[in-house]
Amino acid sequence: MQGRQAGTAGNVRGNAYIAGELARLGLRPGGDQGGYLQRVPLMRYAVDTAGGTLQAGSVNLRALQDYFPYQPSFDLPVRPIDGAQVVYIGARADSAALPAREALQGKVVVFRSEAAGQSIAGPDMNPAGRLGLAAGIVITDVDRLIASFAGYLRAPRVEMASDAKAPAGVTQPRLIFVPTGTAQALFGKSLDALRPGDAGPTLHGEISFAATDVSATNVVGILEGSDPALRGEYVALGAHNDAIGIVAPVDHDSIRAFNSVMRPRGANDAPGEPSSEQLGRIRGMLDSLRRLHPARADSIVNGADDDGSGSMGLLEVAESFARRGTHPKRSLLFVWHTGEESGLQGSRWFTDHPTVPRDSIVSQINVDMIARGGPQDEPKGGPGYLQVIGSRRLSTELGDLVETVNRDGKHGMVFDYTYDANGHPDNFYCRSDHYSYARYGIPIAFLSTGGHRDYHQVTDEPEYLDYLQFARVTRFLADLADRVANLDHRIVVDKPKPDPEAPCHQ
Ligand SMILES: [Zn+2]
């Protein structure tokens, strides 16, 4: 399915398969207009590299090589930069020497970030602040950051199509990341030789994004509850039906050997330069793989674990319940969300436009990557290893039930709550679809066997899954859903509900 990127033909075919299975199992359609699919309006925005050129004085700037536009919002018009003069404003430490707000009106300011590895010390972007009238903001001296995120900066962005009207007169500055070399070429000297207020050349040309409608679908099926008094309440089960899609081709075994040594958690680890000792280990691994078969180029991020495992686990749960003589008292709401990888869009859309009353969803259990978790993948991994995230953040009772169901059902799951810690840098609580539900005060539990070297790589393939582990997690998931759906009371929310529109904080 070519990596099932949201809205692509492979994603459409994958969803048609899920919907077909739901029909076969006799689940009630829970999507739009009596069908299993719910349309999620998505737009893809790609930097228009063919459209125009950007020139700074006599220097020709190549999009996505010499500069990387980044647009925080596609709902607000961007200020034009054609004809704008470039002005160096230095780093945050130079803010006392910054030219006045009015002096920067219509200029393209070049800010030097004190880049510390993965993050940037950004300029003050407050519209009322010193840069509030600038036409554009160029951030430079972030070469490591650009290297780490080059793929992200080059790739088209997928955003929820918005029908919100921008308030009259409100615009945003053009935001651009540039390698240090580009900034030096603009001014004809090194950054260290520049002083805040130094003027550079005038820009000619414009940056634009080409927009394409890539609307995609959630898949929604309902297993009707058996208790007439409770079947109007739903236990939601979720996974994501999309994956990353197609990337530049790489040799499967080379990238896997490299990641085994340098990026044991795949895209969750920043790539570094291998030492000679590391290079030796990579080479050794690759040599032994080469004895098994020749090089094999690949460009498809299959997402076998992420989230083929969760998606198909959910389908197994649906099948298991559909075959039972008696359904649970409450209804089960199965939702395969699209656009998770492009920013939790399918789950956001579903929870903003639920096809059952939002208040009738008593809990949501999300599964994302549930077929790995061995010691090769996770230092604490092993049989039954399962990361649990968010299960007590709204409901102590749900957190307790996760434990009780495991004990009572003798599932043998070994829970790891490490990634649920407040402020954990991986921020998993905010990074998968359950958060779209939690923001409305719906108690959630996020289950995952965790990261690995194949995360968001072309090597996330079925041959590396642990099917026993996959089955174990899936049985536990079914049992947990069954328990919540059969409670004699609605699961109790005893923690404060968040503001649904506020940014997520773990
Ligand atoms: Zn995922």
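Two strands count as paired if DSSP finds at least two bridges between them. With that in hand, the sheets of this predicted model can be walked through one by one.

An open sheet of eight strands follows the order 5-4-12-7-8-9-11-6, and its pairing is mixed. At its edges sit strand 5 (59-61) and strand 6 (68-69), each of which pairs on one side only. Helix 3 (residues 180-187) packs on this sheet, and its direction makes about 120° with that of strand 7. Among the strands that helix 3 touches are strand 4 (54-56), strand 8 (108-112) and strand 9 (136-140). Further in, two bridges hold strand 7 (residues 85-90) and strand 12 (residues 199-204) together in the antiparallel sense. In that pairing, Gln 85 faces Thr 202, which stands opposite in strand 12.

Next comes an open sheet of three strands, in the order 10-3-13, with antiparallel pairing. Strand 10 (157-160) and strand 13 (209-213) are at the edges with a single partner strand each, so each has one side without a neighbour in the sheet. From one strand to the next, the twist averages 30°. Strand 3 (residues 42-47) is joined to strand 13 by five bridges, the two running antiparallel, and Met 43 stands opposite Asp 213 of strand 13. Helix 7 (residues 345-352) lies across strand 3 and strand 10, and runs at about 5° to strand 10.

What about strand 18? In a regular strand, side chains alternate between the two faces of the sheet. Here, both faces of strand 18 are covered. On one side, Ser 331, Leu 333, Val 335 and His 337 are buried, and on the other so are Leu 332, Phe 334 and Trp 336. Buried means under 20% relative accessible area. Seven of the seven residues of strand 18 (residues 331-337) pass that test, so the strand is largely enclosed by the rest of the structure.

Strand 18 also has partners running in either sense. Strand 14 (residues 216-223) runs antiparallel to strand 18 and is joined to it by five bridges, with Ile 222 standing opposite Leu 333. Strand 15 (residues 234-240), on the other hand, runs parallel to strand 18, and seven bridges link the two. One residue pair here is Gly 238 with its bridge partner Val 335 in strand 18.

Turning to helices, two packed helices are described by the angle between their axes and the distance between the axes. Helix 1 (residues 9-25) and helix 6 (residues 304-323) pack at about 10°, with axes 10 Å apart. Angles under 35 degrees count as roughly parallel, and helix 1 and helix 6 are therefore roughly parallel to each other. Helix 1 brings Tyr 17, Ile 18, Glu 21, Leu 22, Arg 24 and Leu 25 to the contact, while helix 6 brings Met 312, Leu 315, Ala 318, Glu 319 and Ala 322. Sorted by class, that makes eight nonpolar residues, three charged and no polar ones.

Finally, there is one disulfide to report. It is formed by Cys 430 and Cys 504, whose sulfur atoms are 2.0 Å apart. The link of Cys 430 and Cys 504 is left-handed, with -75° about the S-S bond. Cys 430 lies in the loop between strand 21 (414-416) and helix 9 (434-438), and Cys 504 in the segment after helix 10 (467-486), so the pair ties together parts that are 74 residues apart in sequence. Both Cys 430 and Cys 504 are buried.

Technical notes: Residues are numbered from 1 along each chain as its sequence is written. This is a predicted model: local features need pLDDT of at least 70, side-chain atom pairs count only at pLDDT 80 or more; totals for chains, interfaces and linings use all residues. Side-chain values use heavy atoms; hydrogens and water are left out. Axes are lines fitted to C-alpha atoms, for helices over the stretch in contact, and angles run from 0 to 180 degrees between N-to-C directions. Helices (H or I, at least four residues) and strands (E, at least two) are DSSP runs, numbered from the N terminus. Angles under 35 degrees count as roughly parallel, over 145 as roughly antiparallel, 65 to 115 as roughly perpendicular and the rest as oblique. Contact means heavy atoms within 4.5 Å. Ala, Val, Leu, Ile, Met, Phe, Trp, Tyr, Cys and Pro count as nonpolar, Asp, Glu, Lys and Arg as charged, and the others, Gly among them, as polar. A disulfide is a pair of cysteine sulfur atoms within 2.5 Å. Buried means under 20% relative accessible area, exposed over 50%, partly exposed in between (1.4 Å probe, protein chains only).
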